[in-house]
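The following exercises are to be worked through with the coordinates open, and each task is followed by a solution that goes step by step.

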Amino acid sequence: MIHYGKFVAEVKFRDCTDEYKPLILAQRCSNEAVEEMVKKRVAKKAMAFGQEVTLNDSAKEVKCKVDP
């Protein structure tokens, strides 16, 4: 499984260090809208890059290696 949480947190922190530092110390930092967008993006990438590749061009159903 690919874990993007660390990278998202780092970008958020670097973008607004003064704003996030008190939240981190109080252990209250999350933006649910951003987190939901990241989850959707990761699922879409998993569907695109995790497909089973076959030489059968007539296959209509996309099969993924893992469940996105």
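**Exercise 1.** In this predicted model, decide whether K39 is buried or exposed, and then characterise the salt bridge that joins the side chains of E36 and K39.

*Solution.* Begin with the lysine: K39 has a relative accessible area of 55%, and because exposed means over 50%, K39 counts as exposed. Turn next to its partner, E36, whose relative accessible area of 37% makes this glutamate partly exposed. The two side chains meet at 3.8 Å, N to O, a value to be set against the cut-off of within 4 Å for a salt bridge. Finally, place the pair in the fold: E36 and K39 both belong to helix α3 (residues 32-49), where they are three residues apart, about one turn of the helix.

**Exercise 2.** Describe the salt bridge between E10 and R14, and state how far apart the two residues are in helix α1.

*Solution.* The N to O distance between the side chains of E10 and R14 is 2.9 Å. Both residues lie in helix α1 (residues 5-15), and because they are four residues apart there, about one helical turn separates them. As for accessibility, E10 is partly exposed at 34%, whereas R14, at 63%, is exposed.

**Exercise 3.** Which elements does the protein contain, and in what order do they run?

*Solution.* Count the elements, which come to three helices and zero strands, and then read them from the N terminus as α-α-α. To complete the picture, 6% of the 68 residues count as buried, and the accessible surface comes to about 6500 Å², with 56% of it belonging to carbon and sulfur atoms. A search of the whole structure finds two salt bridges.

Terms used. Residues numbered from 1 in each chain as written. Predicted model: local features only at pLDDT ≥ 70, side-chain atom pairs only at ≥ 80, totals over all residues. Heavy atoms only, no water. Buried < 20%, exposed > 50% of the residue type's maximum accessible area, 1.4 Å probe, protein only. Areas by Shrake-Rupley, 256 points an atom, 1.4 Å probe, with all protein chains shown as cover.
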